[in-house]
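Colleague: I should be grateful for a close look at one part of this model, a single helix, together with the core and the chain around it. Please set out how its residues are arranged and what surrounds them.

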Amino acid sequence: MLLPLLSNKSNKRIREALPDRKKINAFLFCIVLAYSYLDIRRATSSLEKAQINLAFCSLIRTLTSSKVLSLDNKKKNSGFPFVLFSLIRTFAGMNIEIDQGSGFCFGVTRAIGKAEEELSKEEQLYCLGDIVHNGKECDRLQQMGLVTINHEQLRDIRDAKVLLRAHGEPPSTYALARERHINLIDATCPVVLHLQERIKKEYEEKVKSEELRVKNKSNQSKDGTNSDSSLFTLHSSLDKQIVIFGKRGHAEVIGLVGQTEETAIVIESAEDAGKLDFNRDISLYSQTTMPLDEFRKIVDYVQQHISPEATFTYYDTICRQVANRMPNIRGFALKHDVVLFVCGKKSSNGRVLFNECKEANPRSYMIDTASEIDVRWLQGCESIGICGATSTPKWLMEECKVRIEELLGCHE
Ligand code: SF4
């Protein structure tokens, strides 16, 4: 705005009194750049930050090659503007963003909170299985006194305190704890607990209806009525299959199958659904961390194949703490040149979320710790996104950000 004024002849005196025009321009641009940089720092949402940063980087590129600032080839590596621009480039030119939607879900936060609370009272606390699928967080809690044990080791202890993690446990674990006088600190996620109760209720109803069927059949045999097999055939179709869409052997699935005295059928994909008996009733549930689109495929498949004599009911029991992260993480991955997905290798929802990242952005890398970051991944990028699973602690993502800054020399 000042430039037209300075070029006005009536302001000749003022112009003569002022320093050289290029210096003024450089000074004004420096103020604009510094202000823009502060704007980036102030921006709260990640989208806002990325947009300002992008505009800012283009501005710097234009200016550093502009005649207006006298940054021709000979002078490019010297002078105040170049130094300032280099500094700004170093700190603001690389956008490193931690996804605010990543990190512990409610269930994991609650379980870790319970462990910390108990450890503040006791020196040692047992935990049945890894409290979270993240080695670093497990190490941190181990240093506080948490001892991770498996089911075999549970049989060898008594009169102790044992924490049950968010995934939940089958009834047999509770029975064993009672036998061994073990005080359970139950940190099963309320969402998982509710799912266990639903499956248990469904199973109990199924058992009751089957008992009734057997009783009726034996009465009819005694009376000599309905001695043909038609009634039995009809009732057979009602012999319900309780089906769980989940990962075989996953702790949550073991807990769910346990509610049905190990009779539930576990399927891992729509392909697996082909093995079900479509002449019998089907009741479908899902492990809380499974992908929603695959669940819908299974529902479609069963609906197309179920016999008219049988019924099919399904319950979408996928936790929205995970499902909602899918579209969000996709958007986040698309926004950055490189994505670092921080996650323990055992995390089931981590693998699902990482696949989503990778599909949206092929330059996505899964890492367990900051030390796994390879500087070659970051070549030629201006924007790096750091995100993770529901089992990834925020502090670990922060560590990765610091590591990137070290690798890129921002902390020198
Ligand atoms: S993903 Fe959902 S159901 Fe699973 S522990 Fe977290 S909050 Fe609970």
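Modeller: The account below begins with the chain, turns to helix 14, and then moves outward to the core and the ligand shell. The model is a predicted one. Its chain has 18 helices and twelve strands, and 31% of the 412 residues count as buried. Among contacts with a separation of 6 or more, 72% are between residues 24 or more positions apart.

Helix 14 comprises 14 residues, which at 1.5 Å a residue should span 20 Å; the C-alpha atoms at its ends are 20 Å apart, so the expected and computed spans agree. Its buried residues are Phe 295, Ile 298 and Val 302. These cover an arc of only 60° around the axis and therefore lie on the same side of helix 14. The spacing follows a common rule: an α-helix has 3.6 residues a turn, so residues three or four places apart point the same way. On the face turned away from the buried side, helix 14 carries the exposed residues Asp 293, Asp 300, Gln 303 and Gln 304.

The partners of the buried side come next. The buried residues of helix 14 pack against strand 6, strand 7 (265-267), helix 13 (270-273), strand 8 and strand 9 (312-314).

Helix 14 (292-305) is also among the elements that give two or more residues to the largest nonpolar core, as are strand 6 (241-245) and strand 8 (282-286). That core has 47 residues, of which Ala 115, Ile 131, Val 243 and Ile 244 touch the most other members. Helix 12 gives the most to this core, with five residues. The core draws at least three residues from each of domain 3 (106-190) and domain 4 (191-321). In soluble globular proteins, nonpolar side chains tend to be buried together.

Val 243 merits separate mention. Apart from neighbours within four places in sequence, Val 243 is in contact with Ala 264, Ile 265, Ile 267, Leu 276, Ile 282, Ser 283 and Leu 284. A second, separate core of 25 residues includes Phe 341, Cys 357, Ala 370 and Ile 404.

The ligand shell completes the picture. Of the 14 residues around the ligand, Cys 105, Gly 107, Cys 189, Val 191 and Cys 319 come nearest. Helix 6, helix 10 and helix 15 (320-323) are the elements that give two or more residues to this shell. The largest share, three residues, comes from helix 6. Helix 6 (106-121) and helix 10 (190-223) also each give two or more residues to the largest nonpolar core.

Key: Residues numbered from 1 in each chain as written. Predicted model: local features only at pLDDT ≥ 70, side-chain atom pairs only at ≥ 80, totals over all residues. Core = buried A, V, L, I, M, F, W, Y, C linked by C-beta atoms within 7 Å. Buried ≥ 20, exposed ≤ 12 C-beta atoms within 10 Å, placed from the backbone. Helix = DSSP H or I, 4+ residues; strand = E, 2+ residues; numbered from the N terminus. Domains from an automatic or database assignment. Contact = placed C-beta atoms within 7 Å. Expected span 1.5 Å × (residues − 1). Arc of directions from axis to C-beta. Near = placed C-beta within 6 Å.
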